[in-house]
Amino acid sequence: MRLDQSIIAGLSELGDVPAYLQHVIKAGVVSTVDTQMIIDASDCHAVAQGKAVASDARTPFGPIEERVEKIQRTISAEGFYGGNFHALVREFGSLLFGMIASDAQQAEVASWHETGIAQFGGFLMADAGGSSIQQWNTVFVSDGEMLALDVDKVWIIEGHRLNYGSVSAASTQKLYPTSILVPPDEFGKLKKTAVGAPFLDGSLQLGNVSGKVTVPKSRMLTGGGLASTSIFLSKVRPRFVRALMAHVKWLDANGKISLSPQQRSSATALEALAKAYYHGLVEKKPSLPVALALKFTSNRLLLDLVTTEAASDPSIQRDLMAFTRMEGSSYRCLFEIYSKVKIR
Ligand SMILES: Cc1cc2nc3c(=O)[nH]c(=O)nc-3n(C[C@H](O)[C@H](O)[C@H](O)COP(=O)(O)OP(=O)(O)OC[C@H]3O[C@@H](n4cnc5c(N)ncnc54)[C@H](O)[C@@H]3O)c2cc1C
């Protein structure tokens with residue numbers, strides 16, 4: 001079974017994958033595979049599903065997940081505009097923070113907001129040094145009870161106006177990343193600059209953040225262990241894909257883009273697949289490959305809307321292309337899917 005077929009087979013277990021969406025997946029795999037994948041030409045398993053559980057045995061949604069559901073409905077009615085994109089991302093941030101921060105750290109951050117010390121917090125992962133941790137410029141060294149942190153982060157949502165942030169940093173050995181909470185007094189010392197033109201009709205600006213700060217070791221965000229990022233991503237990616245498809249359908253319904261009937265039914269089908277995935281599967285052991293397959297498929301459908309000029313407005317084209325980079329680029333997703341499904 002080839003890689004495109006293993007993605008289609010995995011998604012088909014969740015619901016209908018229309019012929020046009022299958023074509024988009026196939027074309028996406030062909031244009032994204034790297035040299036190693038071509039040379040290997042490995043046979044692949046179907047992308048594995050998590051175990052579907054009876055509805056009465058499912059982990060119920062927590063308050064954050066319930067708020068995300070409400071925002072999803074608002075996005076269907078209004079698109080990402082009017083602050084809806086930021087509202088969604090804020091809840092994703094709360095979901096992640098709840099997984100990696102201790103109760104005391106969460107209470108402290110809540111108090112910054114309550115007292116007005118802080119309004120905006122961010123997650124700073126993308127690094128100016130490059131995408132692999134070995135290339136990162138953002139590193140820390142321990143000095144007694146303190147951490148000296150060199151920050152060089154790029155492309156952060158509203159990075160130019162953040163008051164505090166969770167900075168993903170490498171130790172000098174650069175083996176795995178550590179998240180460090182940089183509080184408002186130290187974060188204020190960092191240099192912050194807006195980068196590039198804004199997205200979403202001027203409402204979404206990215207920023208770069210750099211400089212040196214010192215924080216106590218107690219600022220490390222160690223809850224959840226190493227698996228927490230992948231669990232977080234497998235929760236967030238399908239929700240983001242559902243929201244993206246709702247935004248696309250809103251753009252179409254409001255005359256901002258013009259989908260063909262096949263593209264429209266593909267967006268509807270992908271929205272349903274994403275929803276079925278995170279509503280129906282056991283949440284304790286999320287199935288990361290399916291979440292990757294959903295994001296890969298979403299990326300390729302968004303790019304299809306650009307290349308076919310279903311989206312012809314250059315600023316909307318740029319928005320859609322940018323969303324293919326957030327929470328998993330096509331290459332990143334395919335690379336990870338491949339490493340999980342190839343038959344050795
Ligand atoms: C709107 C928007 C909001 C964002 N918000 C945040 C944020 O709040 N915080 C944050 O930390 N980051 C944020 N980011 C950054 C984002 O999360 C990613 O880190 C970034 O977009 C990945 O870009 P990339 O091109 O390096 O990734 P990739 O495309 O995944 O590339 C990774 C590496 O793989 C290589 N590669 C790519 N394609 C191939 C191929 N076909 N074959 C072989 N090698 C390949 C690339 O050269 C690169 O070295 C945001 C980005 C956008 C656009």
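This report walks through the domains, the ligand shell and a few chosen residues of the structure above.

The model is predicted, so local features need pLDDT of at least 70 and side-chain atom pairs count only at pLDDT 80 or more, while totals for chains, interfaces and linings use all residues. Residues are numbered from 1 along each chain as its sequence is written.

**Domains and ligand**

Let's start with the overall layout. The domain assignment gives domain 1 (3-84 + 226-341) and domain 2 (102-221); such bounds come from an automatic or database domain assignment. The C-alpha centres of domain 1 and domain 2 lie 28 Å apart. Their contact takes 6 residues from domain 1 and 5 residues from domain 2, where contact means C-beta atoms, placed from the backbone, within 7 Å. The side of domain 1 that touches domain 2 has 4 nonpolar, no polar and 2 charged residues. In this classing, Ala, Val, Leu, Ile, Met, Phe, Trp, Tyr, Cys and Pro are nonpolar, Asp, Glu, Lys and Arg are charged, and the others, Gly among them, are polar.

Which residues come nearest to the ligand? Of the 19 residues around the ligand, they are Met125, Ala126, Arg325, Ser329 and Tyr331. The elements that give two or more residues to this shell are β1 (121-124), β3 (146-157) and α12 (330-341). A residue is near the ligand if its C-beta atom, placed from the backbone, lies within 6 Å of it. Helices (H or I, at least four residues) and strands (E, at least two) are DSSP runs, numbered from the N terminus. By class, the shell has 12 nonpolar, 4 polar and 3 charged residues. Domain 1 and domain 2 each supply at least three residues to the shell.

**Helix α10 and the β6-β7 hairpin**

Helix α10 covers residues 288-307, and its 20 residues should span 28 Å at 1.5 Å a residue; the end C-alpha atoms are 29 Å apart, which agrees. The expected span is 1.5 Å times one less than the number of residues. Of the 20 residues in α10, 18 are buried. Buried means 20 or more other C-beta atoms within 10 Å of a residue's own, exposed means 12 or fewer, and partly exposed lies in between, with C-beta atoms placed from the backbone.

Strand β6 (residues 191-199) and strand β7 (residues 204-216) run antiparallel and are joined by 6 bridges; strands pair if DSSP finds at least two bridges between them. Thr193 stands opposite Asn208 in β7. The two strands form a hairpin with 4 residues between them.

**Four residues up close**

Most residues other than glycine have a negative phi. Leu200, in the β6-β7 turn, has a positive phi of about 50°. Glu309, just after α10, also has a positive phi, of about 65°, and lies in the loop between α10 and α11 (314-323).

Val167 is found in strand β4 (residues 164-171). Its C-alpha atom is separated by 6.3 Å from that of Phe123, 44 residues apart along the chain. Leaving aside residues up to four places away in sequence, Val167 touches residues including Leu124, Thr138 and Ile180.

Ile257 lies in the loop between α8 (228-253) and α9 (261-280). With the same sequence exclusion of up to four places, its contacts include Leu305, Ala310 and Ile316.

Here is how the four residues compare in burial:

| Residue | C-beta neighbours within 10 Å | Class |
|---|---|---|
| Val167 | 30 | buried |
| Ile257 | 22 | buried |
| Leu200 | 22 | buried |
| Glu309 | 11 | exposed |

Key:
Two residues are in contact if their C-beta atoms, placed from the backbone, lie within 7 Å.
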